[in-house]
Amino acid sequence: MRLDKFLSVTATATRSEAAKAVRAHRVLVNGVPPKNAAQQIDPERDVVEYGGRVVTYRAHHYILLNKPAGYVSATDDGREQTVLDLLPEKYTELGLFPCGRLDKNTLGLMLLTDDGELAHRLLSPRRHVTKRYYFKVKFPLTAEECARFRAGLVLEDGYETKPADIALCEDMHSGVITLVEGKYHQIKRMMLALHNQITHLERISFGPLTLPQDLARGAWRPLTPEEEQALLAAAE
């Protein structure tokens, strides 16, 4: 692997930043300054230091994002800002993509990764990975409507949803919904089937991941080792 690519895929530096750092002798490979950023290295064996810090190679990256409104769940869009625009430039070269989608104005927990196999497993209907959402609706929900929601609803296109849990708050206008599938605009369409309207929707958990209370809207962080292990286990 080229040295500049290694520094790029570890989110240490962009390729242009890597080239500048090599010329400034801020990079060492096995204790020796490399001749140029195109030098070939073995990421599993060679010790690379960048600015005095040893760089650890990772085959995949897992980023937890608190999605704000106004961003689309895509890697690229000609008209709208995407969730990847919330990350620093050095992360845009990793090939990250959203694991599952949130509507443009839906908020909350989003997983960004470059691990295609993991994403496929987490999103597979066979694994029933749960997703929980805090919601608000225009009209109060009745016990009968909640029972219909839990049993599964027929949407306007004839699709019959799987049973989904719903727990109401005392105001009957808000609560938490738990899904095991993720069809297009599913929660909004389920509420429309009950002649109601979603006014606020925020994903608060995805499988074993829970939205941290101290993670500001629009902020992000890598998964902790514990979160990463729990996520990998959920995909098995």
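## A strand covered on both faces

Both faces of β4 are covered: Tyr62, Leu64 and Asn66 on one side and Ile63, Leu65 and Lys67 on the other are all buried. That makes six buried residues out of six, and β4 counts as mostly covered. In a regular strand, side chains alternate between the two faces of the sheet. The model described here is predicted.

### Partners of β4

β4 pairs with β6 in the antiparallel sense, over six bridges. Tyr62 has Thr113 of β6 as its bridge partner. β4 also runs antiparallel to β12, residues 220–222, and three bridges join them. Here Ile63 has Pro222 of β12 as its bridge partner. Strands of a sheet pair through backbone hydrogen bonds.

A further strand pair, β2 with β3, is listed below beside the two pairs of β4.

| Strand pair | Sense | Bridges | Residues opposite each other |
|---|---|---|---|
| β4 and β6 | antiparallel | six | Tyr62 and Thr113 |
| β4 and β12 | antiparallel | three | Ile63 and Pro222 |
| β2 and β3 | antiparallel | two | Glu49 and Val54 |

### The open sheet

β1, β2 and β3 form an open sheet, in that order, with antiparallel pairing. Which strands stand at its edges? They are β1 (27–29) and β3 (53–54). Each has a single partner strand, so one side of each is left without a neighbour in the sheet. β2 covers residues 48–50 and is joined to β3 by two bridges. In this pair, Glu49 stands opposite Val54.

### The whole protein

The protein has seven helices and twelve strands. Its C-alpha trace spans about 70 × 35 × 35 Å along the principal axes. Of its 236 residues, 46% are buried. The exposed area is about 12,500 Å², and carbon and sulfur atoms supply 50% of that. Take the contacts between residues at least 6 apart in sequence: 66% of them join residues at least 24 apart. There are 31 positive and 31 negative side chains. The centres of these two sets lie 3 Å apart.

### Two nonpolar cores

In soluble globular proteins, nonpolar side chains tend to be buried together. How many residues does the largest nonpolar core have here? It has 32. Those with the most contacts inside it are Leu112, Phe135, Leu141, Phe149, Ile166, Ile177 and Met191. Two or more residues come from each of β4 (62–67), β6 (107–113), β7, α5, β9, α6 and β10. Apart from this core lies another, of 16 residues, among them Tyr62, Leu64, Leu109 and Phe206.

Phe149 touches several residues beyond four places away in sequence. They are Ala164, Asp165, Ile166, Ile177, Met190, Met191 and Leu194.

### Helices α5 and α6

α6 runs over residues 186–193. Its buried residues are Gln186, Ile187, Arg189, Met190 and Met191. What do they pack against? The list is β7 (131–137), α5 (143–151), β8 (165–168), β9 (174–179) and β10 (198–206). After α6 comes His195, with a positive phi near 60 degrees.

Helix α5 holds Ala151. Is Ala151 buried or exposed? Its relative accessibility is 53%, so Ala151 counts as exposed; the cut-off for exposed is over 50%. Ala151 and Asp165 are 14 residues apart along the chain, and their C-alpha atoms are separated by 8.6 Å.

Note on methods. Residues are numbered from 1 along each chain as its sequence is written. This is a predicted model: local features need pLDDT of at least 70, side-chain atom pairs count only at pLDDT 80 or more; totals for chains, interfaces and linings use all residues. Side-chain values use heavy atoms; hydrogens and water are left out. Buried means under 20% relative accessible area, exposed over 50%, partly exposed in between (1.4 Å probe, protein chains only). Helices (H or I, at least four residues) and strands (E, at least two) are DSSP runs, numbered from the N terminus. Contact means heavy atoms within 4.5 Å. Accessible areas come from the Shrake-Rupley method with a 1.4 Å probe; for residues, only the protein chains shown count as cover. Lys and Arg count as positive and Asp and Glu as negative; His and the chain ends are not counted. The place of a charge is taken as NZ of Lys, CZ of Arg, CG of Asp or CD of Glu. A nonpolar core is a set of buried Ala, Val, Leu, Ile, Met, Phe, Trp, Tyr and Cys residues joined through side-chain atoms within 4.5 Å. Two strands pair if DSSP finds at least two bridges between them.
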